[in-house]
Amino acid sequence: MANTSFDLMDLAGLQLWQREQGEDNHLRLERLLGNLPRAMEQELTARQRQMLTMHFFDGKSVTAIAQELHLAKSTVSRTISRSVDKLFRTLRYSL
């Protein structure tokens with residue numbers, strides 16, 4: 001029961017924070033999305049871009065990507081994870 005009330009408090013706090021941010025979130029999101037293609041091009045290898053595009057834009061699973069590229073699932077998963085981390089480190093200053 002304690003976890004349920006904690007989760008509800010987290011949700012309430014998040015909703016309050018979102019309301020307080022108002023238009024600021026919208027502008028930050030626009031700036032982030034505007035910088036994403038440039039960051040992908042400059043910070044990632046061609047293989048990393050390929051896997052991220054396949055996973056996030058084409059909606060393919062890690063298993064499907066691994067089969068298509070003839071790679072181990074762990075390689076695909078690790079590459080996607082490291083690519084997302086690299087983009088986060090690069091783009092966090094856009095916020």
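Helices H3 and H5 are roughly perpendicular to each other, a label for angles of 65 to 115 degrees, where under 35 counts as roughly parallel, over 145 as roughly antiparallel and the rest as oblique. H3 covers residues 46-57 and H5 covers residues 73-91; they pack at about 95 degrees, with axes 9 Å apart. The axes here are lines fitted to C-alpha atoms, for helices over the stretch in contact, and the angles run from 0 to 180 degrees between N-to-C directions.

From H3, the contact is made by Gln48, Met51, Leu52, His55 and Phe56, and from H5 by Val76, Thr79, Ile80, Ser83, Val84, Lys86 and Leu87. Contact means heavy atoms within 4.5 Å. Sorted by character, these residues are seven nonpolar, four polar and one charged. In that sorting, Ala, Val, Leu, Ile, Met, Phe, Trp, Tyr, Cys and Pro are nonpolar, Asp, Glu, Lys and Arg are charged, and the others, Gly among them, are polar.

A word on what you are looking at: this is a predicted model, in which local features need pLDDT of at least 70 and side-chain atom pairs count only at pLDDT 80 or more, while totals for chains, interfaces and linings use all residues. Residues are numbered from 1 along each chain as its sequence is written, and side-chain values use heavy atoms, leaving out hydrogens and water.

Now for the whole chain. It has five helices and zero strands, giving the pattern α-α-α-α-α along the sequence. Helices (H or I, at least four residues) and strands (E, at least two) are DSSP runs, numbered from the N terminus. Of the contacts with a separation of 6 or more, 51% join residues 24 or more positions apart. The chain exposes about 7000 Å², 56% of it supplied by carbon and sulfur atoms; the areas come from the Shrake-Rupley method with a 1.4 Å probe, and for residues only the protein chains shown count as cover.

How far does the predictor trust its own model? pLDDT, its confidence in each residue from 0 to 100, averages 82 over the chain, and 72% of the residues score at least 70. Among the elements, helix H4 (residues 62-69) has the highest mean, 97, and helix H1 (residues 2-21) the lowest, 59. Over residues 1-6 pLDDT stays under 50, and the model has zero contacts there beyond four places in sequence.

Buried residues make up 20% of the 95 in the chain. Buried means under 20% relative accessible area, exposed over 50%, and partly exposed in between (1.4 Å probe, protein chains only). Here are four residues to find in the structure:

| Residue | Relative accessible area | State |
|---|---|---|
| Serine 83 | 0% | buried |
| Alanine 66 | 4% | buried |
| Asparagine 35 | 18% | buried |
| Histidine 70 | 72% | exposed |

Serine 83 lies in H5 and, not counting residues up to four places away in sequence, touches Leu44, Gln48 and Leu52.

Alanine 66 belongs to H4. Leaving aside neighbours within four places, alanine 66 is in contact with Leu71, Ala72, Lys73 and Val76. Between alanine 66 and methionine 51, the C-alpha to C-alpha distance is 9.3 Å, with 15 residues of sequence separation.

Asparagine 35 sits in helix H2 (residues 23-43). Its C-alpha is 7.3 Å from that of leucine 91, though the two are 56 residues apart in sequence.

Where is histidine 70? Its place is in the loop between H4 and H5. Histidine 70 has a positive phi of about 60 degrees although it is not a glycine.

Terms used: pLDDT = per-residue confidence, 0-100.
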